[in-house]
Amino acid sequence: MDQVGMGNAEHQGALAKGEVLPRPASSQSEGFKQGRSVLNSLLSGAFAGAVAKTAVAPLDRTKIIFQVSSNRFSAKEAYKLIYRTYLKDGFFSLWRGNSATMVRVIPYAAIQFCAHEQYKRILGQYYGFQGKALPPVPRLLAGSLAGTTAALITYPLDMVRARMAVTPKEMYSNILHVFVRISREEGLQTLYRGFTPTILGVVPYAGLSFFTYETLKKLHAERTGRSHPYSYERLVFGACAGLIGQSASYPLDVVRRRMQTAGVTGHTYGSISGTMREIVAEEGVIRGLYKGLSMNWVKGPIAVGISFMTFDLMQILLRKLQQLGYNAR
């Protein structure tokens, strides 16, 4: 038997005995790169979410308080509420509930940004745009899917944050206490109350936010010839994305907050349409469903701008650090 035949026979004999041949080095390298990319996205997203939410936490808490009450919103009343809270409970009380926010936002932002990167990669392969900017429809779809994935996993933490933001500190001592009391007094299903309007709001919000940001970066690269915008440009692009995304989904955000806090505000909201009808009947369309939107136009663009900018810069920093590590070997 010639050498080729002997080689084939030996190869088949090894496989017959159940031996596993080693994967090609290129395949292993590709898997390692993909895993590293996922980890980078998770870390960058977590850090971006934490920085952005902490920066606007006092405004966010004030917005939630107005959303779940029937008091009329105005910038003057919002300022009075913030000032009264500061005088009564101290400066750091303006960040009450922010620990619960961090518990939710860090995994939410990590999952959302990471999922967005993966959905972009998958859709890019499917549509033949691997490594390039996606066409408009897949670009919108990637953002919507990323937001839905993150919301589905972290929703109970959002419920806890809303409860802590609108109740006195004597009612709930910590995050675990909120979970225990809600489960015992209202049932576990309460942790997902308001989930449907959340998803209905997340689809346009996340879709339009990521779509707007990616589109502005694409247009910027085409006009300037620079593939990497400056930091302040990323901040502006993110702010525009937040403004558009939040304006489109805001009424459902109000409905979600009302349903989440129904157990402590004395209302009984059974459905999305019923909650909307009750809000409109008591407060009107603009003053009810869009209550606090003007504050969101201040808070939202700042938070989303910081979030997108921080994520991109963290991704760039991590890639540079990894490259330095390779060069040092």
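Here are a few exercises on this predicted model, each with a worked solution.

Residues are numbered from 1 along each chain as its sequence is written. Because the model is predicted, local features need pLDDT of at least 70, side-chain atom pairs count only at pLDDT 80 or more, totals for chains, interfaces and linings use all residues, and side-chain values use heavy atoms, with hydrogens and water left out.

**Exercise 1. The overall build**

Work out which kinds of element the protein has, and what share of its residues is buried.

Solution. Start with the elements: the protein has 13 helices and zero strands. Here helices are DSSP runs of H or I with at least four residues, strands are E runs of at least two, and numbering starts at the N terminus. Next comes burial, where buried means under 20% relative accessible area, exposed means over 50%, and partly exposed is in between (1.4 Å probe, protein chains only). On that scale, 45% of the 329 residues are buried. Last, take contacts (heavy atoms within 4.5 Å). Of those between residues at least 6 apart in sequence, 78% join residues at least 24 apart.

**Exercise 2. Two sides of α11**

Find which residues of α11 are buried and which elements they pack against.

Solution. First, check the helix itself. α11 covers residues 272–283, twelve residues, and reaches 16 Å from its first C-alpha to its last, close to the expected 16 Å at 1.5 Å a residue. The expected span is 1.5 Å times one less than the number of residues.

Second, pick out the buried positions: Ile272, Thr275, Ile279 and Glu283. They cover an arc of only 65° around the axis, which puts them on the same side of α11. The arc is taken over the directions from the helix axis to the C-beta atoms. The general background is that an α-helix has 3.6 residues a turn, so residues three or four places apart point the same way.

Third, look at the partners: the buried residues pack against α8 (195–224), α9 (231–260) and α12 (285–289). The face turned away from the buried side carries exposed Arg277 and Ala281. Finally, glycine 284 follows α11 with a positive phi, near 90°.

**Exercise 3. The same check on α7**

Repeat the analysis for α7: which of its residues are buried?

Solution. In α7 (residues 175–185), they are Ile175, Val178 and Ile182. They cover an arc of only 55° around the axis, which puts them on the same side of α7. On the other side, Leu176, Arg184 and Glu185 are exposed. Now for the packing: the buried residues of α7 lie against α5 and α6. Just after the helix, glycine 187 takes a positive phi of about 95°.

**Exercise 4. The largest nonpolar core**

Find how many residues make up the largest nonpolar core, and which element gives the most to it.

Solution. A nonpolar core is a set of buried Ala, Val, Leu, Ile, Met, Phe, Trp, Tyr and Cys residues joined through side-chain atoms within 4.5 Å. The largest has eleven residues, including Tyr250, Val254, Met259, Ile272, Ile279 and Leu293. The elements that give it two or more residues are α9 and α11, and α9 gives the most, with five. A second, separate core of ten residues includes Ala48, Phe210, Tyr213 and Val304.

**Exercise 5. Glycine 288**

Locate glycine 288 and list its contacts beyond its sequence neighbours.

Solution. Glycine 288 lies in helix α12 and is buried, with a relative accessible area of 0%. Leaving aside neighbours within four places in sequence, it is in contact with Val254, Ile279 and Glu283. For valine 254, the separation from glycine 288 is 34 residues in sequence and 8.2 Å in space, C-alpha to C-alpha.

**Exercise 6. The largest cavity**

Find the volume of the largest cavity and the residues nearest its centre.

Solution. On a 1 Å grid over the protein atoms alone, a cavity is a set of points where a 1.4 Å probe fits but cannot get out; lining residues have an atom within 4 Å of a point. Grid points are joined across faces, edges and corners, and a volume is the space filled by probe spheres set on the points. The structure holds three cavities of 30 Å³ or more, and about 710 Å³ lies in the largest. Its lining has 37 residues, with Lys53, Arg104, Tyr108, Tyr205 and Gln246 nearest the centre. α8 gives the most to that lining, with eight residues.

Key
1 Å grid on protein atoms, 1.4 Å probe; cavity = no way out; pocket = protein on both sides within 12 Å on 5 of 7 lines; lining within 4 Å.
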